[in-house]
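Dear colleague,

I am handing over the structure below, and my notes on what was found in it follow underneath. Please read them alongside the coordinates when you have a moment.

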Amino acid sequence: MSLLQNSATKNISQMVLPQEKSRAGSAPPARRKPSLFQATLFKEWIKLRLYWALLFAGSLGFAAYLSLRLRSVHQFHDAVSIWSAWIFKGYLFFSSFKFFPLGAGVVLGALQFLPETLNKRVRLVLHLPLGEERVISHHLLVGLLLLTLIFLPAIAFFAVTGWLYFPMEFQQNLALTLTPWLLAGYASYLLTATLLLETAWRHRIFYLLLGGGALRLFYLGDFYDTYQRVLLVFAVWVAALFILPLFSSYRFRKGIIS
Amino acid sequence: MKIIARIFILVTGVLLLAHYLPSGFWLVADKPQRVPYVFYSAVENRFLFFRYGNGEVQRTDAAGKNYDRDEFEQLLPLDNYLQLLRDGRMPKTINNVPIPIDKLRVERISLRIKPELLDNPAVALYPLLEAESGRVRLEMPGDFFRLNHTIEFIDAKSNRINADKSTKFQSAFAATRFNFPAKIIAGNPSTMKPYDEGYFITDSQGAIFHLRQVQEEPELKRITDVVASGEKARWAALKPRFIQVQEQENREVRAMIIEEDGQTHLVIGQDYRLVTLPLKNYDPAKMQVGVRGDLLNRLVTVSSDHYVEAMVLNRNYDFVDRYTETLPERKDCAAGKIAGVIFPFTLDFEDDASGFIGFHFSPGRPIALTVNAVLLLPALAWVLIRKHGFIKRFPELIAVALTGVFGLAMLFLVPKTE
Amino acid sequence: MQMSPVIECRNLIHYYGTKPALLDVSWQLKPGRICGLLGRNGAGKTTTINILNSFLTPRQGRCLLFGEHAHQLTPATKSRIGYLIEGHIQYGFFNTRQIERFYSAFYEKWNPAIFHHLMQKLDITPSQHISTMSCGQRSQVALGLILAQQPDLIIFDDYSMGLDPGYRRLFIEVIRDYAADGKRSILLTSHIIQDLEGLIDDVIIYQRGRVLIDTQATKLLDGFRKYSFITDAVFPDFFDEARQLRLEKGEKRSAIYGFLDTDSVQGELAKRNLPTEDIREEPLTLEDTFIALTGKY
């Protein structure tokens with residue numbers, strides 16, 4: 001008797017799970033199927049959960065450190081000079097956090113897409129019975145979601161610290177100064193995904209230069225609030241970046257290697 | 001999807017090239033040009049200059065004659081009194097006006113407003129110093145005030161509103177019929193100054209007020225209430241755009257006011273006397289204005305990177321003399337002409353006139369459009385040789401026609417989809 | 001009964017740069033058949049598989065799966081096709097339970113029983129991580145996932161890579177079982193040709209970018225024969241590609257291969273003026289046939 005046959009079946013298509021067999025006569029219970037997006041979320045979570053936890057802890061720890069440092073400065077120095085340093089010299093207690101979102105975006109993008117693209121493994125994902133755009137979009141949405149969760153503790157810490165130590169005029173300032181850095185983080189994630197999904201080295205270098213040139217524009221100047229007037233345009237551009245990884249994977253699928 | 005992606009890459013690439021290529025070009029090509037630094041010699045009643053070029057400074061006059069350092073300094077005794085006193089060359093009188101040595105330092109004033117001061121990010125919280133504490137040095141207060149629909153003092157240590165102090169000041173504001181919210185709040189939040197003038201504040205109706213804290217009590221004056229009748233109308237007619245408060249040791253100039261139409265005034269003395277500066281070509285957004293004063297004169301200079309205007313006023317602020325000079329603009333020099341031809345437009349994000357990031361497009365020369373058309377030829381040739389198909393490459397070819405060299409670079413770089 | 005082909009390749013032409021890979025290749029896979037796609041390295045098999053997988057667009061020609069273009073498959077059609085990729089690359093971070101749960105979301109006809117049954121038989125526990133499994137175990141996981149999907153068409157691209165004889169035999173048996181109801185179509189490529197003997201219904205042999213043989217396996221095995229003989233004449237080995245005839249000079253016995261029978265072989269040898277003695281038919285395996293047709297070097 002062959003491997004797949006058991007006494008009751010002739011063909012494996014007729015196989016049922018053991019517990020389902022005992023309820024012969026009644027229809028087998030429908031197993032709750034996850035949605036397609038949930039399935040991708042599940043896969044990416046299993047893949048990334050350890051690294052994500054490290055990034056999350058890093059974000060939390062960094063923000064906590066900066067907040068506690070402010071607290072100790074506040075206790076031992078006069079508060080007016082802290083306020084003055086912020087308002088007139090642009091010394092922000094959270095300014096060291098500047099490049100963390102960018103770094104997190106690159107790292108998460110690499111951790112998410114390197115396993116898919118090394119050894120041409122993205123084939124696995126593109127064989128799923130879904131349009132390619134949908135598959136890659138799901139992966140990107142999961143990545144963006146995880147990235148947001150990494151940023152949240154830092155934002156929360158800064159918001160609470162700001163609220164405790166400074167009046168509301170500073171909160172707006174804090175938000176407007178932090179936003180370009182967060183946007184740079186999302187942009188760097190999408191650009192990393194694009195770079196990794198791209199097959200030709202020539203174009204990888206092109207995206208590297210394009211991305212580098214664009215990301216530098218998120219860090220012009222050292223003062224607070226300078227991006228107030230262009231923030232919306234920058235945000236729209238970052239949102240539109242979503243299309244680039246889809247473009248790269250489309251080229252991969254078409255086998256366009258030049 | 002692929003068309004949208006290609007256009008997105010195209011637009012992004014073109015804009016980035018329009019920013020970085022000209023920057024790179026100017027990094028290599030820029031010969032910094034500095035407008036001359038203008039002096040006025042009270043000794044000979046004429047203008048003298050520092051002229052910059054080739055990394056060195058020349059001391060000249062309007063006729064072009066060069067001076068050595070000693071000669072030059074002798075002609076400008078009030079600017080170089082320290083050196084001249086040391087050398088024993090300091091004159092006792094200038095044009096029969098006696099020069100008391102002990103007054104030389106105190107009577108020197110200097111103030112300057114650069115364009116970007118007019119448009120800068122700020123936090124709307126202000127420290128109000130105690131103007132007459134009886135102590136030699138000024139001290140920072142423990143709180144900051146905000147002025148929107150009312151005045152509130154927030155204690156910095158506790159981050160709470162100081163209710164008593166706030167109420168006290170609110171009464172003062174009510175007494176002067178101040179119309180909230182304030183539009184301009186101008187002051188110097190520093191202790192590194194000889195005394196404290198407090199804040200000049202405009203209300204929603206455009207009326208100007210002067211706020212100080214004197215022995216912990218608010219002193220708020222509506223200026224039109226306290227000036228002489230001759231000045232009232234002038235103050236009432238002011239439409240201030242920017243006010244810079246001055247605390248110079250001689251307590252003469254108290255503020256400089258720039259109006260929305262560019263008219264500039266100084267506020268002089270206890271009586272808030274308004275002195276209008278009759279400048280010819282002052283554009284606050286593009287030029288900086290400065291006042292340098294000594295025992296005898298006031299020298300008001302307006303300058304940009306290709307224009308300088310220097311106006312001399314005497315101690316009564318009567319007009320004495322004026323000098324103007326225009327240098328070639330960067331875009332008209334040789335490198336500028338080349339840039340104007342190659343780059344159909346330039347994108348800058350930072351601007352001398354503002355502390356905010358913005359999109360600043362500057363066009364090239366009209367001939368750049370012809371250059372674009374010329375660049376279409378190698379573009380079409382490339383598409384032909386590589387057999388891409390003109391229809392398929394249409395967006396990139398449009399980019400070449402519109403943006404010239406930027407579009408051409410993108411034609412080679414945008415990844416293909418077939 | 002549906003007679004339109006499950007896979008149809010029409011006039012495929014492809015170059016890598018200027019190097020030719022496929023030169024006008026056409027063939028079909030009929031429903032319910034198991035087809036072996038054979039060829040030496042560089043003959044064009046991988047290129048064809050990549051086109052079928054929609055990872056390559058041919059310069060000219062097209063591939064249709066269930067009547068749809070390979071690079072424009074609708075999700076519904078994709079769910080009817082299972083792919084086993086060379087090297088059995090899978091997500092190492094999953095364990096068995098998780099990987100089944102993941103893939104089950106994507107397929108309507110998913111039957112977890114098949115997967116679990118196979119895992120059970122092979123003593124693979126649900127919490128075992130893919131990355132810790134041996135090559136053979138991973139190949140079985142991959143196979144189980146495909147079968148659970150219950151596809152109408154399976155494309156096996158070099159399933160044999162890295163598998164020992166035991167696992168290879170297991171593979172063959174499972175495939176045979178799966179296709180037993182006659183409703184499944186299977187395309188296989190493999191370098192281990194002896195495995196395929198007795199399994200495949202149809203055989204296609206590629207040679208330097210072209211289709212050399214496209215016929216039923218039985219017809220090939222019955223029709224293509226080897227006759228050995230003794231001769232004193234000295235002659236060079238030669239191969240007539242058009243007539244699929246090969247002549248080999250041996251130390252003791254020489255051989256002639258081709259679609260011959262006892263009558264025609266005499267004629268062929270006579271045509272070449274070869275004095276021969278002791279002409280005997282020799283048995284040929286599928287592998288021998290393949291090598292005779294495609295050469296040793």
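**Domains of chain C**

In chain C, the domain assignment gives two parts, with domain 1 covering 7-208 and domain 2 covering 224-294. Please keep in mind throughout that this is a predicted model. Taken over C-alpha atoms, the centre of domain 1 of chain C and the centre of domain 2 of chain C are separated by 36 Å. As for the contacts between them, 8 residues of domain 1 of chain C meet 6 residues of domain 2 of chain C.

On the side of domain 1 of chain C that touches domain 2 of chain C, α7 (193-196) and β9 (202-207) of chain C each contribute at least two residues, and the largest share of that side, 3 residues, is supplied by α7(C). Sorted by character, the residues on this side of domain 1 of chain C comprise 4 nonpolar, 2 polar and 2 charged.

**Chain A**

Turning to chain A, its secondary structure consists of 10 helices and 0 strands, so that reading along the sequence gives the pattern α-α-α-α-α-α-α-α-α-α. Of the 258 residues in chain A, 42% are buried. Among the contacts in chain A with a separation of 6 or more, 83% are made by residues 24 or more positions apart along the sequence.

With best regards

Definitions and conventions
Residues numbered from 1 in each chain as written. Chains lettered and ligands numbered in written order. Predicted model: local features only at pLDDT ≥ 70, side-chain atom pairs only at ≥ 80, totals over all residues. Helix = DSSP H or I, 4+ residues; strand = E, 2+ residues; numbered from the N terminus. Buried ≥ 20, exposed ≤ 12 C-beta atoms within 10 Å, placed from the backbone. Contact = placed C-beta atoms within 7 Å. Domains from an automatic or database assignment. Nonpolar A, V, L, I, M, F, W, Y, C, P; charged D, E, K, R; others polar.
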